[in-house]
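Colleague: Please take a close look at one part of this model and then work outward from it, giving the cut-offs behind each term as you go. I would like to follow every step with the structure in front of me.

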Amino acid sequence: MVARQHVAGDDDGSLRAADGRRVGPARHPLDPLDAGEIRAAVEILRRERLVTPAARFVSVSLNEPAKDQIAFAVPVGRPSTDQAANAGQSDPRAAAVPREAFVVLLEPRQHATYEAVVSLTTSSVSSWRLVPDVRGPVTLAEYAECERVTRSDPQVRAGLERRGLTAPEQVLVEAWGIGSFAAPEDAGRRVVWTLLFYRERPDDNPYAKPIYGLHAIVDLDEMAVVRVEDLGAVPLPPGSGAYAASRAGPLRDDLSPLGIVQPQGPGFDVRGWEIRWQRWRLRLGFTAREGLVLHTIGYEDGGRVRPVIWRASVAELFIPYADPRPFQGWRNAFDIGEYGIGIMTNSLQLGCDCLGEIRYFDVELADQNGEPYTIRQAICLHEEDSGLLWKHFDAALQTTETRRSRRLVISFIITAGNYEYAIYWYFYQDASIEFEVKLTGIVLTSAVAPGEASEFGTVVAPQTLAAHHQHFLSLRLDMAVDGLRNTVYEVDTEAVPPGPANPLGNAFRPVKRPLRRESEAQRVIDPLRGRHWLVANPGHRSGLGHEPAYKLIPGSNVLAFSHPDAPVTQRAAFATKHLWVTPYQPDERFPAGDYPNQHPGGAGLPAWTKADRPIENTDIVLWYTLGAHHITRPEDWPVMPADRAGFTLKPAGFFDRNPALDVAPSPSPHC
Ligand SMILES: [Cu+2]
């Protein structure tokens, strides 16, 4: 994005420099806020004296307009210049949509969290409210300050000295959400607890030297250590855990060069935040909390764009650990609700994270002071060869028809403390969509005595225990298959009992059952029945008479092992089911509630679905829980090879034939 100054108050929503000169086209209503808009929103709040100088901004992001103010993308046949697409001129309503910022901020002296909606169009505050009884998430600046105050705390220093560690500046301090484990006397505070690690050399892997048993409880509002707990020392493990190329030992030199060349450039077309590739049309967004957001995903068919998904994002990322020992049992993280994965997003490097003809998107976020900053190359867009698309060899004719598959990849990567999550959305030529997360980085460790082992983790290096754990991603899929009114069916395959209708015993058939109310739509996978879920539009029929649908096909998945009554399960109830369906409500965005930090549980999906609302033939949201099970391995150390988990959305009755029949053969003379 180009830095532009936005003067709020332009009646047409266009961008103008301070002298009134138009400097760019009006933005599409779903475009993320740019630096000028972030600055303007914060200035308006300060001008209205709603914010004290001590305020800490959690996020300043687009307040997304209502659905009836947005249209899906324009079909390719219609003339559309960059400016027209950006301005939303193809959609006459778009230019009139007000630009609004949604602001979450903390007032630490009041121990308060506030939410504001600021109109950038009218340069005024549209709403302002104190959010009662919540503890706002941890900001990046607070995370860094927490390290500083913990390192300089006399009790922490005494604990380090008892362990023979005399260089507190070499201690890595991780601030962890305390969940519902805060001591009663701290119940009113906004607190985190800490895990400490030690860098013997500046380029060491700190997770190789976990400092056992020394934990600080830090009040983030006061930014002070409240208390320090010392369970007694366990010696630091001896290894360095080094993994950098300079320290990993001799490197292989046996890889021959592999280049990805697109001499005529990539096959996608980017207009502002809109992407067109093959028949896919969609828009990108980005928030401090969710990172990448996909908007208005549609597929062009017969000269019109058929909606598939209104909005898709990862709405929570929850990691429970298995080790029950004191403090180790506190380890669990809600990386989205307690921190935000947008703010953890990496700047990607060409040729490293993605390969080929890459188009990167910079994103702009607000820091704790409300100042805009840029994460350069935060989102990566590129094409990949993905093997075989379809093939048949006709033996009689001695002819072969083969098509290679190409996919569009939209990705971003976050670093959440020790761990990396690389998040990929793949769009295919057969109109299917795949979601994949690659888990890499460093497993979380604790020190054990020489020779000690544990059934709750794996010894991955001498005296280094990597606890078993799980990762649960909650995908919020606001579906719009051929329109907003959709019904979800669960489809199991059942064997027909042998008898007159099945004399040979071979018969099986899918059994399709509509999920009519929220209570019926809290489901788990059943791979042995081939269970999948269809999101169908009952108001339409395909040429063959089918309700057009997309089916959600689970990949490998798992449920949480924590006890149903465990405090951590209460806080992450969404992870007790793989599929939830709710009727669309604009304020139902996060499955563990808006403010999971220090929340006792019950918010989000379990609270909303108590109403048992009807979900048939209406605007619905699918929540898919994707669990990655991680029994740690020695091979995960000192940095783990990427593990994968995902799921697929495939058209089912959406088309009347293979939608990739029109893909041309590869230009190779042999095809
Ligand atoms: Cu893991």
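Modeller: Asp-133 is exposed, with a relative accessible area of 76%, where exposed means over 50%, buried under 20% and partly exposed in between, computed with a 1.4 Å probe on protein chains only. This is a predicted model, in which local features need pLDDT of at least 70 and side-chain atom pairs count only at pLDDT 80 or more, while totals for chains, interfaces and linings use all residues. Residues are numbered from 1 along each chain as its sequence is written, and side-chain values use heavy atoms, with hydrogens and water left out.

Asp-133 sits in the loop between S6 and H3, the labels being DSSP runs numbered from the N terminus (helices are H or I with at least four residues, strands are E with at least two). Its phi is near 60°, a positive value in a residue other than glycine. Two open sheets can be described from this loop, one on the side of S6 and one on the side of H3.

On the S6 side, the sheet has four strands in the order S3-S4-S5-S6 with antiparallel pairing, and two strands count as paired if DSSP finds at least two bridges between them. In general, strands of a sheet pair through backbone hydrogen bonds, either parallel or antiparallel. Strand S3 (56-62) and strand S6 (124-131) stand at the edges with a single partner strand each, so one side of each has no neighbour in the sheet. From one strand to the next the twist averages 15°, taken with axes that are lines fitted to C-alpha atoms (for helices over the stretch in contact) and angles that run from 0 to 180 degrees between N-to-C directions. S3 and strand S4 (residues 100-107) are joined in the antiparallel sense over six bridges, and Ser-61 stands opposite Phe-102 in S4. Helix H1 (residues 35-47) packs on this sheet, touching S3, S4, strand S5 (112-119) and S6, with a direction about 125° from that of S3; contact here means heavy atoms within 4.5 Å.

On the H3 side, the open sheet of four strands has the order S7-S8-S9-S10, again listed with antiparallel pairing. Its edge strands are strand S7 (171-177) and strand S10 (224-230), each of which pairs on one side only, and the twist averages 30° from one strand to the next. Strand S8 (residues 191-198) and strand S9 (residues 214-219) pair antiparallel over three bridges, and the bridge partner of Trp-193 in S9 is Ile-217. Helix H3 (residues 140-151) packs on this sheet and touches S7, S8, S9 and S10, its direction making about 125° with that of S7. Within helix H3 lies Ala-141, which is partly exposed at a relative accessible area of 33%. Between Ala-141 and Gln-368 the C-alpha to C-alpha separation is 6.4 Å in space, although they are 227 residues apart in sequence.

A second residue with positive phi sits in another loop: Ala-431 has phi near 70° and is not a glycine. Ala-431 is found in the loop between S20 and strand S21 (433-441) and, at 0% relative accessibility, counts as buried, whereas Asp-133 is exposed.

Strand S20 leads on to the copper ion, whose protein donors are Tyr-419 (OH), His-469 (NE2), His-471 (NE2) and His-630 (ND1), lying 1.8 to 2.0 Å from the ion. Donors are N, O and S atoms within 2.8 Å of the metal (3.2 Å for Na, K and Ca), and water is not among the atoms, so sites may look incomplete. Tyr-419 lies in strand S20 (residues 419-428) and His-469 in strand S25 (residues 469-479), so the pair ties together parts that are 50 residues apart in sequence. Both Tyr-419 and His-469 are buried.

Seen as a whole, the chain has seven helices and 33 strands, and 55% of its 671 residues count as buried. Residues 24 or more positions apart account for 66% of the contacts with a separation of 6 or more. The C-alpha trace spans about 80 × 75 × 60 Å along its principal axes.
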